[in-house]
Amino acid sequence: MAVTQTQVTARPQAPHAGSWWRRNQRRLAPFLFIAPFYIIFLVFGLYPIFYSFWLSFFKGFGFEQKTFFGLGNYIHMFHDPRYINAVWVTTRFALFSIFILSPLALLVALAINSTFVRWKGLYKTGFFLPTVTSAVIISVIFSRVLDTNYGLLNAMLGWFGIPAIGWLTDTNVVLIAFMILALWNYIGINTLFWLAGLNSINRELNEAASIDGAGRLQNFFYVTMPLLRPIMLLVTIQALIGSYNVFAEPFLLTGGGPSDASLFISVYVYNQGFEAFNVGYASAIAYSMTAILLVLSLLNIKLFGFRGVGD
């Protein structure tokens with residue numbers, strides 16, 4: 001008896017849904033872990049940067065229809081007295097940060113690093129604490145310290161017979177008030193920068209210079225300072241960037257007043273962008289600040305002749 005075999009054409013089975021993931025999960029899993037950072041950075045970081053640059057070439061207010069303005073916003077800045085004043089106020093504050101605050105921080109670092117000071121960690125912590133304090137809290141504290149009638153600073157000056165000073169209301173001294181605030185707030189972080197540089201110097205170099213007859217001042221200016229050049233560049237650029245980005249303290253304490261005497265460029269960007277809703281002009285001001293910082297940073301790098309730590 002012949003047996004007829006029925007040939008049945010089998011349907012190809014669909015691949016298992018998880019097979020592709022099992023083959024590629026080791027390669028793709030790291031990207032999934034870092035994806036949230038890059039998504040947030042693209043949405044809230046990179047996109048606003050390019051969108052702001054695009055806005056700087058348009059004229060318009062808020063979300064209304066904007067018209068292409070070309071370089072008009074950038075040209076208008078040079079004819080805007082408030083913008084020129086804001087650059088001048090910010091530049092004076094930056095000069096204070098570089099030539100007064102930073103050298104004072106170096107002196108504090110030298111004192112802490114000396115053999116005469118004990119409990120160095122306590123001093124480091126004490127000087128650094130203001131740096132981690134919220135700018136809002138600092139503004140509230142100094143609104144009481146600098147108050148004309150009831151402020152702590154005027155009360156202390158009164159002990160020496162000095163009349164009350166309108167630290168936040170007098171156009172001639174309001175910028176000095178912010179310098180006092182910056183001195184208290186930022187001398188700690190700069191001190192730590194200098195301390196890091198001082199601790200990285202091989203003490204044998206100073207000892208060798210002393211054996212060769214160099215005094216303390218000669219040792220400092222001819223051995224220590226040249227070796228601190230990378231830290232000096234870091235502190236200078238950090239002071240520049242920090243000075244041109246000061247916002248919370250002047251905004252909360254004076255709002256840029258009185259009579260624009262404390263109108264920092266960052267406060268002026270806020271005024272134009274979020275109060276006047278002149279977003280195109282605010283974007284142009286922000287990018288002009290970026291250009292200023294870039295030029296000044298490159299000049300500092302050229303001035304220090306910095307090519308590497310080993311130079």
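The paragraphs below lead from the overall form of the protein chain to one residue within it.

The model is a predicted one, and its protein chain contains 13 helices together with two strands. The radius of gyration of this chain is 29 Å, which is well over the 19 Å that the globule rule gives for 311 residues, so the chain is more spread out than a compact globule. Taken along the principal axes, the box filled by the C-alpha atoms of the protein chain comes to roughly 130 × 65 × 40 Å.

From the outline we can turn to how the residues are placed inside and outside. Of the 311 residues in the protein chain, 38% count as buried, and the surface that the chain exposes amounts to about 20,000 Å², with carbon and sulfur atoms supplying 69% of that area. Among the contacts in the protein chain with a separation of 6 or more, 64% are accounted for by residues that stand 24 or more positions apart. As for charge, the chain carries 18 positive and 11 negative side chains, and a distance of 17 Å lies between the centres of the two sets.

A single residue, Ile34, can serve as a closer example. Ile34 belongs to helix 1, which covers residues 19-55. Is Ile34 buried, exposed, or partly exposed? Its relative accessible area is 40%, and because buried means under 20% and exposed means over 50%, with partly exposed in between, Ile34 is partly exposed. Measuring from C-alpha to C-alpha, Ile34 and Gly188 are 34 Å apart in space, while in sequence 154 residues separate Ile34 from Gly188.

Note on methods. Residues are numbered from 1 along each chain as its sequence is written. This is a predicted model: local features need pLDDT of at least 70, side-chain atom pairs count only at pLDDT 80 or more; totals for chains, interfaces and linings use all residues. Side-chain values use heavy atoms; hydrogens and water are left out. Helices (H or I, at least four residues) and strands (E, at least two) are DSSP runs, numbered from the N terminus. The radius of gyration is taken over C-alpha atoms; the globule rule is 2.2 Å times the number of residues to the power 0.38. Buried means under 20% relative accessible area, exposed over 50%, partly exposed in between (1.4 Å probe, protein chains only). Contact means heavy atoms within 4.5 Å. Accessible areas come from the Shrake-Rupley method with a 1.4 Å probe; for residues, only the protein chains shown count as cover. Lys and Arg count as positive and Asp and Glu as negative; His and the chain ends are not counted. The place of a charge is taken as NZ of Lys, CZ of Arg, CG of Asp or CD of Glu.
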